[in-house]
Amino acid sequence: IWDETRGNPDFLDYTYDFGDDCYQTPDLRFLPLTHGEIQIHQPGMNSFTENLIFPLDMTVYVPCALGGAGEMVHLTGELHSLYHVAEDESGGYHMVSHNQPQGVSGVGLTSGDTYQGNGVTRSTTNINVFPYNDTFINNFRIIGQGPGNNYTIHHNIHITINANGELTASVDNFRSECK
């Protein structure tokens with residue numbers, strides 16, 4: 001759909017209403033999980049950006065809870081995901097993803113304590129067969145009531161392969177802490 005109000009034929013807004021159209025089969029390339037809006041911006045034929053909101057409903061283990069005894073925490077909210085892919089003049093691809101919880105909160109299944117979930121996960125990949133590089137950074141936090149029961153995870157991975165197919169950099173750091 002070309003949005004003439006934006007004055008750019010390369011801008012596409014796609015919103016799917018799951019109302020009474022259950023008998024129709026939407027274009028699955030743009031289908032959100034249960035609700036939300038997808039915007040695809042195409043500055044050129046070989047790039048796109050997707051901006052998605054997914055419902056989040058998960059249970060995680062927080063080892064810091066209950067004085068170190070730990071407990072399961074049920075979290076709900078939304079996950080904001082942003083993806084961008086672009087092809088360069090030489091046929092290489094550049095991909096970026098950004099995922100961030102929004103309004104995520106939860107309850108300890110044993111204690112009844114409340115928790116907040118936040119953080120960011122970001123990935124950047126540049127590939128043209130070779131050279132290749134990829135960076136992944138994840139910061140995941142479950143923040144509980146009072147001191148000592150905040151659980152944080154930090155994970156970063158990086159790999160670089162040069163034009164000759166040789167591995168020139170490799171990093172894998174992981175840490176989890178109770179604060």
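Strands, for this description, are DSSP runs of E at least two residues in length, and they are numbered from the N terminus. In this predicted model, the protein has nine strands and zero helices, and from the N terminus on its elements accordingly read β-β-β-β-β-β-β-β-β.

Of the 179 residues in the protein, 31% are buried. Among contacts between residues at least 6 apart in sequence, 43% join residues that are at least 24 apart.

The largest nonpolar core has twelve residues, namely L56, V60, V62, C64, A65, V73, L75, V104, Y115, I142, Y151 and I153. The strands listed in the table each supply at least two residues of this core, and β3 gives the most, with three residues.

| Strand | Residue range | Supply to the core |
|---|---|---|
| β3 | residues 47-62 | at least two residues |
| β4 | residues 71-87 | at least two residues |
| β8 | residues 151-161 | at least two residues |

Y115 belongs to this core and, leaving aside its neighbours within four places in sequence, is in contact with V62, A65, E71, V73, V104, S105, G106, G108, I142, I143, G144 and N149.

Turning to the surface, the protein exposes about 10,800 Å², of which carbon and sulfur atoms supply 55%. A nonpolar surface patch of about 300 Å² is made by Y61, M72 and L109. Of these residues, L109 lies in the loop between β5 (93-108) and β6 (114-127), and it counts as exposed because its relative accessibility is 55%, where the cut-off for exposed is over 50%.

How values were computed:
Residues are numbered from 1 along each chain as its sequence is written. This is a predicted model: local features need pLDDT of at least 70, side-chain atom pairs count only at pLDDT 80 or more; totals for chains, interfaces and linings use all residues. Side-chain values use heavy atoms; hydrogens and water are left out. A nonpolar core is a set of buried Ala, Val, Leu, Ile, Met, Phe, Trp, Tyr and Cys residues joined through side-chain atoms within 4.5 Å. Buried means under 20% relative accessible area, exposed over 50%, partly exposed in between (1.4 Å probe, protein chains only). Helices (H or I, at least four residues) and strands (E, at least two) are DSSP runs, numbered from the N terminus. Contact means heavy atoms within 4.5 Å. Accessible areas come from the Shrake-Rupley method with a 1.4 Å probe; for residues, only the protein chains shown count as cover. Patches are made of residues with over 30% relative accessible area and no salt bridge: like charges are joined within 9 Å, nonpolar side chains (Val, Leu, Ile, Met, Phe, Trp, Tyr) within 5 Å. A salt bridge is a side-chain nitrogen of Lys or Arg within 4 Å of a carboxyl oxygen of Asp or Glu.
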